[in-house]
Amino acid sequence: MTSWSYGVILAIAGVAAVVLLVDLVRDRSAQDPHFIALGVLELAAVAQLVGGSVALARTERDVEGAVFVSYLVTVALVPIVAALFSLAERSRVGTTILLLGVATVAGLELRLWDVWAAGRG
């Protein structure tokens, strides 16, 4: 795995978190730009899922494959689940749900980096 994929996802998640936090403080519900940001995050996560799976298949590292792939899949699923729950709750709580989803993706990315780096031996 390349470090730029982690950086891209963390940057997207960071920008989305700042925007969501500002709108949460302003007492706004989730809007279309929030879902567009989640869509961009989802595209990056799916690209990382594909790239990470290929990197895992090609590597000689001692990486725990099941754990690594489960983190990749979870990172790809969290934005979708957060968007669905946010659409079900069209109030300020929906914005909070999106913020929690973005924070979860960032946390999972950090753990994913640890799992991949642990395979260096």
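**Packing, pairs and patches in a predicted helical model**

His-34 sits in helix 2 (helices here are DSSP runs of H or I with at least four residues, strands are runs of E with at least two, and both are numbered from the N terminus). This is a predicted model, so local features need pLDDT of at least 70 and side-chain atom pairs count only at pLDDT 80 or more, while totals for chains, interfaces and linings use all residues. Residues are numbered from 1 along each chain as its sequence is written, and side-chain values use heavy atoms, with hydrogens and water left out.

With a relative accessible area of 6%, His-34 is buried (buried means under 20% relative accessible area, exposed means over 50%, and partly exposed is in between, using a 1.4 Å probe and protein chains only). Leaving out residues up to four places away in sequence, His-34 touches Val-19, Leu-20, Asp-23, Ser-29 and Leu-98 (a contact being heavy atoms within 4.5 Å). Two of those names, Leu-20 and Ser-29, turn up again around Thr-95. Thr-95 belongs to helix 4 and is buried too, its relative accessible area being 0%. Its contacts, again not counting residues up to four places away in sequence, are Leu-20, Leu-24, Arg-28, Ser-29, Ala-30 and Ser-86.

Asp-23 and Arg-28, just met as contacts of His-34 and Thr-95, also pair up with each other: they form a salt bridge whose closest N and O atoms are 3.3 Å apart. The term stands for a side-chain nitrogen of Lys or Arg within 4 Å of a carboxyl oxygen of Asp or Glu, and by this rule the count comes to two. Asp-23 is buried at a relative accessible area of 10%, whereas Arg-28 is partly exposed at 38%. The other bridge runs from Arg-92 to Asp-27, with the closest N and O atoms 3.5 Å apart. This pair links distant parts of the chain, 65 residues apart: Arg-92 in helix 4, and Asp-27 in the loop between helix 1 and helix 2. Arg-92 is partly exposed, with a relative accessible area of 42%, and Asp-27 counts as exposed at 51% relative accessibility. The backbone at Asp-27 is worth a look as well: phi is near 65°, a positive value in a residue other than glycine.

Moving on to the interior, the largest nonpolar core has 22 residues (a core being a set of buried Ala, Val, Leu, Ile, Met, Phe, Trp, Tyr and Cys residues joined through side-chain atoms within 4.5 Å). Those with the most contacts inside this core are Leu-38, Leu-41, Leu-98, Val-102 and Val-105. Helix 1, helix 2, helix 3 and helix 4 each supply at least two of its residues, and helix 1 gives the most, with six. Take Leu-38: setting aside neighbours within four places in sequence, Leu-38 is in contact with Pro-79, Ala-82, Ala-83, Leu-98 and Val-102. Another core, of nine residues, lies apart from this one and includes Tyr-6, Leu-56, Leu-112 and Val-115.

Then come the aromatics. A search of the whole structure finds two aromatic pairs (rings of Phe, Tyr and Trp, the last by its six-membered ring, pair if their centres lie within 6.5 Å; planes under 30 degrees apart count as stacked, over 60 as edge-to-face and the rest as tilted). The rings of Tyr-6 and Trp-113 have centres 4.7 Å apart and planes at 90°, so this pair is edge-to-face. Tyr-6 lies in helix 1 (residues 3-25) and Trp-113 in helix 4 (residues 92-118), so the pair ties together parts that are 107 residues apart in sequence. Tyr-6 counts as buried at 4% relative accessibility, while Trp-113 is partly exposed at 33%. Phe-68 and Trp-116 make a tilted pair, 5.1 Å centre to centre with 35° between the planes. Here Phe-68 is in helix 3 (residues 65-88) and Trp-116 in helix 4, so parts that are 48 residues apart in sequence are tied together. Both Phe-68 and Trp-116 are buried.

On the outside, Val-73, Leu-77, Ile-80, Val-81, Leu-84, Phe-85 and Leu-87 form a nonpolar surface patch with about 620 Å² of accessible area together. Patches are made of residues with over 30% relative accessible area and no salt bridge, like charges being joined within 9 Å and nonpolar side chains (Val, Leu, Ile, Met, Phe, Trp, Tyr) within 5 Å; the areas come from the Shrake-Rupley method with a 1.4 Å probe, and for residues only the protein chains shown count as cover. One member of the patch, Leu-84, lies in helix 3 and counts as exposed at 56% relative accessibility.
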